[in-house]
Amino acid sequence: MFNKTIKSMAILGVVAIGSGNTFALNAAEVPITGTVESKCIIQTSTAGTYGNPNAYTLSTQQADGGDQAVVRFDVTLADAYYAEITPPTSFSSSPSLPDQVTWTGTVEVQAVSDATGMGTYEADKLEIGNTDRYTLTATGSTWFAIHSTATMGGNKAFPGGTYTAVAEAVCVAK
Amino acid sequence: MRLLTYIILGIMLALPVHAHEMVPAYPEMRPAHVDGLLVTTMKMFNKRADVEFYEVGVFDENFQPVPFVTAYNIFKLEYLGNTTFDIYIREQDRNRAAYICSRSKIRKGSSTSTAISSKICSKIIK
């Protein structure tokens, strides 16, 4: 009886060691693979909010109680992409408005990860209608600040409610 | 001054961000299993917690739409989700099709501020 128990324990031990080895071998062979591809990533750092400095103006300027929208472009290949940014030109949702709204907007480079390679982005930008086009000539990150102002026609007041406007950030491969 | 720049940059890098990503940047159309069609495979990654839906499209050099077929033009992509999809175009449109673009779709009323619509366009290799 005692011998039988010893024999069973020994068999169990061998099986356990065997499975342990197999597990160890499998665990050692788990591959982690990855591919590096050239890409452009658009990151929305801050969505932005409108302040209401007077009855007929909505503005993202800090002085007006708003917050500018900030969008970040990360590129991993130099001189391969354009960044095209368009401030809002209409509300995507709002209460019923009493008059026409006039829109103004600006885009500017707020910060760059490589001051040498990206230092001329703002000076070299191309304005196409409401859209600002930047040629991303260096790899790294660029933060763009988007300001927007909406003014109600005839100095009429914006009705109470929630207003949303959409800015567009586009990354186009050259 | 330089130290201040690095500090500001460090703070900005540490801020939470929401990203939209699509690869490859330069897809190549290859013959599909159906005669007269070309296909390419695109991959997307959604790191925008505020966006659940994306729309894809094929455009010419002037960003005019080019006919194409994919499983869903507008599809749901969860936060931190990956998806791979095939884009089919007609062989006769090979020279016309220039860009494959994906655009984030923002739900009406889902934001109380300025929202940012992101769009990434890959250029088709001729």
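Let us start with A:Ile85, whose bridge partner in β11(A) is A:Ala169. This pairing belongs to a set of 6 bridges that join β5(A) to β11(A), the two strands running antiparallel. A:Ile85 also stands opposite A:Asp132 in β9(A). There, 5 bridges connect β5(A) with β9(A), again in the antiparallel sense. I should say at once that the model on the screen is a predicted one.

With that pairing in view, let us turn to chain A as a whole. Chain A contains 3 helices and 11 strands. Along the sequence, the order of these elements is α-β-β-β-β-β-β-β-α-α-β-β-β-β. Chain A has 174 residues, of which 32% count as buried. If we take the contacts in chain A between residues at least 6 apart in sequence, 73% of them join residues at least 24 apart.

A word on confidence is in order here. The mean pLDDT of chain A is 87, and 84% of its residues reach 70 or more. Residues 14-20 of chain A, however, have a pLDDT below 50, and this stretch makes 0 contacts in the model beyond near neighbours in sequence.

Chain B can be described in the same manner. Chain B has 1 helix and 8 strands, and the helix comes at the start of the pattern, which reads α-β-β-β-β-β-β-β-β. Of the 126 residues of chain B, 29% count as buried. Among contacts in chain B between residues at least 6 apart in sequence, 63% join residues at least 24 apart.

How, then, do the two chains meet? The contact takes 38 residues from chain A and 30 residues from chain B. On the side of chain A that touches chain B, the elements giving two or more residues are β1 (40-46), β4 (69-75), β6 (91-93), β10 (140-152) and β11 (164-173). Which of these gives the largest share? The answer is β11(A), with 10 residues. Sorted by class, this side of chain A has 20 nonpolar, 13 polar and 5 charged residues.

Strand pairing also crosses from one chain to the other. β1(A) pairs with strand β1 of chain B, residues 18-23, in the antiparallel sense over 4 bridges. Within this pairing, A:Ile42 has B:His20 as its bridge partner in β1(B).

Let me now move to the interior. The largest nonpolar core has 40 residues, and those with the most contacts inside it are A:Cys40, A:Val71, A:Tyr81, A:Ala83 and A:Cys171. The elements that give two or more residues to this core are β1, β4, β5 (81-86), β9 (131-136), β10 and β11 of chain A, together with β8 (114-123) of chain B. The largest share of this core, 8 residues, comes from β11(A).

A:Val71 deserves a closer look. Leaving aside its neighbours within four places in sequence, A:Val71 is in contact with A:Ile42, A:Gln43, A:Thr44, A:Ser45, A:Ile85, A:Phe144, A:Ile146, A:Ala169 and B:Ile116. That list includes A:Ile85 and A:Ala169, the bridge partners with which I began. There is also a second, separate core of 11 residues, which includes B:Leu38, B:Ile89, B:Ala97 and B:Ile100.

I shall finish with two individual residues, one from each chain. A:Val166 is found in strand β11 of chain A. Is A:Val166 buried or exposed? A:Val166 is buried, because 20 other C-beta atoms lie within 10 Å, and 20 or more is the condition for a buried residue. Not counting residues up to four places away in sequence, A:Val166 touches A:Pro88 and A:Ser92, and from the other chain B:Ile106, B:Ala115 and B:Ser117. A:Val166 and A:Ser92 are 74 residues apart in sequence, and their C-alpha atoms are 6.6 Å apart in space.

The residue from chain B is B:Phe75, which lies in strand β5 of that chain, residues 74-76. B:Phe75 has 17 other C-beta atoms within 10 Å and is therefore partly exposed, as this count falls between the limits of 12 and 20. With residues up to four places away in sequence set aside, B:Phe75 touches B:Phe53, B:Tyr54 and B:Thr83. B:Phe75 and B:Val58 are 17 residues apart in sequence and 15 Å apart in space, C-alpha to C-alpha.

Methods
Residues numbered from 1 in each chain as written. Chains lettered and ligands numbered in written order. Predicted model: local features only at pLDDT ≥ 70, side-chain atom pairs only at ≥ 80, totals over all residues. Contact = placed C-beta atoms within 7 Å. Nonpolar A, V, L, I, M, F, W, Y, C, P; charged D, E, K, R; others polar. Pairing = 2+ DSSP bridges. pLDDT = per-residue confidence, 0-100. Core = buried A, V, L, I, M, F, W, Y, C linked by C-beta atoms within 7 Å.
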